[in-house]
Amino acid sequence: TNIYLEFEEFIRNGGFPGSLYYDNYEDKLLYTKNVISQIFDKDIKNHRKIKDKELFEVVQNFIINNFGSIISVGSIYTYLTGQKINVDRRTIKTYIDILENAKIIYSCDLFDIKSKKVLDMEKKYYLADLSIYYAMNTDNRIHYGPVLENVLYSYLKTKGYSLSVGKIGSLECDFIARRGVDEYFYIQVAKNIDDDKTAEREYKPFYQIKEMYPRYLFVADFVLQKNVDGIKNVNIVDFIYEKKDLT
């Protein structure tokens with residue numbers, strides 16, 4: 001009856017079908033934890049390339065806890081060596097590949113808009129299901145920045161779009177979406193833009209991009225701002241619920 005409340009339930013409970021059979025949050029969470037545990041314990045940790053299961057868990061948890069952030073093998077290496085953990089960069093890369101191949105995480109390349117080149121060293125990683133984060137952490141708050149990005153990333157991938165993160169100097173455009181020959185879009189995602197500082201931060205990357213492809217600002221706010229300079233302000237819940245495409 002209320003798709004906005006349902007959306008918040010979906011964020012925490014995820015999309016594993018079996019969770020629908022349980023009424024309260026704790027039971028849903030327990031079910032999800034059991035599913036995820038089976039995936040990790042049976043399908044991943046017995047992988048022949050995982051020589052050190054404890055190290056694998058540390059790498060896995062680092063990526064899951066930093067979903068939606070720019071990550072590189074180097075940044076994970078720096079973190080691990082700072083924790084006095086002896087590790088080889090190739091091992092980190094192997095463990096990331098295992099998580100990707102198991103469809104636990106999906107990578108999103110960084111694309112330099114000015115040079116028109118993919119930046120090889122850094123990527124963002126999104127979760128196959130947000131309940132993976134909530135099942136593995138005691139923190140049940142919704143951090144809307146990475147969460148909304150993750151939701152939109154998953155949705156647009158199901159609609160056949162290729163996605164990358166746009167870099168314009170020190171600025172970042174959350175997504176560049178491509179589909180077919182001539183469908184090309186720039187996208188920003190925010191919980192809301194209810195103050196001038198937030199609005200300026202979200203709009204700024206758009207004004208640094210010379211190509212005049214369609215631009216979207218997705219928000220979770222009920223009250224949408226007026227479209228500014230051709231930038232479409234769209235409620236992310238309505239957009240997904242109505243199964244819309246970028247236009």
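In this predicted model, the largest pocket has a volume of about 520 Å³. Its lining comprises 24 residues, of which Glu6, Phe7, Phe10, Gly14 and Gly15 are the closest to its centre. Three elements give two or more residues to this lining, namely α1 (3-13), α7 (144-158) and α9 (236-241). Of the elements, α1 gives the most, with six residues. By class, the lining of the largest pocket holds 14 nonpolar, six polar and four charged residues.

A cavity is also present. The count comes to one cavity of 30 Å³ or more, and about 40 Å³ of space lies in the largest cavity. Its lining is formed by Asn192, Ile193, Asp194, Val219, Asp221, Val223, Leu224, Gln225 and Asn233. By class, these lining residues are four nonpolar, three polar and two charged.

The two spaces are set side by side below.

| Space | Volume | Nonpolar lining residues | Polar lining residues | Charged lining residues |
|---|---|---|---|---|
| Largest pocket | about 520 Å³ | 14 residues | six residues | four residues |
| Largest cavity | about 40 Å³ | four residues | three residues | two residues |

One residue of the cavity lining, Val219, also has a place in the sheet: Val219 belongs to β7 and stands opposite Ala190. The strands concerned are β6 (residues 183-190) and β7 (residues 215-219), which run parallel and are joined by five bridges.

The sheet as a whole is open and consists of eight strands in the order β1-β3-β2-β4-β5-β6-β7-β8, with mixed pairing. Its edges are occupied by β1 (70-72) and β8 (231-235); each has a single partner strand, so one side of each is left without a neighbour in the sheet. From one strand to the next, the twist averages 40 degrees.

At the β1 edge, helix packing can be described as well. Helix α4 (residues 73-82) lies across β1 and β3 (117-127), and runs at about 75 degrees to β1.

A further site concerns helix α3 (residues 53-65), in which Glu57 is placed. With a relative accessible area of 32%, Glu57 is partly exposed, because this value falls between the limits of 20% for buried and 50% for exposed residues. The C-alpha atoms of Glu57 and Tyr95 are separated by 9.3 Å, although these residues are 38 residues apart along the chain.

How values were computed:
Residues are numbered from 1 along each chain as its sequence is written. This is a predicted model: local features need pLDDT of at least 70, side-chain atom pairs count only at pLDDT 80 or more; totals for chains, interfaces and linings use all residues. Side-chain values use heavy atoms; hydrogens and water are left out. Two strands pair if DSSP finds at least two bridges between them. Helices (H or I, at least four residues) and strands (E, at least two) are DSSP runs, numbered from the N terminus. Axes are lines fitted to C-alpha atoms, for helices over the stretch in contact, and angles run from 0 to 180 degrees between N-to-C directions. Contact means heavy atoms within 4.5 Å. On a 1 Å grid over the protein atoms alone, a cavity is a set of points where a 1.4 Å probe fits but cannot get out, and a pocket is an open set with protein on both sides within 12 Å along at least five of seven lines; lining residues have an atom within 4 Å of a point. Grid points are joined across faces, edges and corners, and a volume is the space filled by probe spheres set on the points. Ala, Val, Leu, Ile, Met, Phe, Trp, Tyr, Cys and Pro count as nonpolar, Asp, Glu, Lys and Arg as charged, and the others, Gly among them, as polar. Buried means under 20% relative accessible area, exposed over 50%, partly exposed in between (1.4 Å probe, protein chains only).
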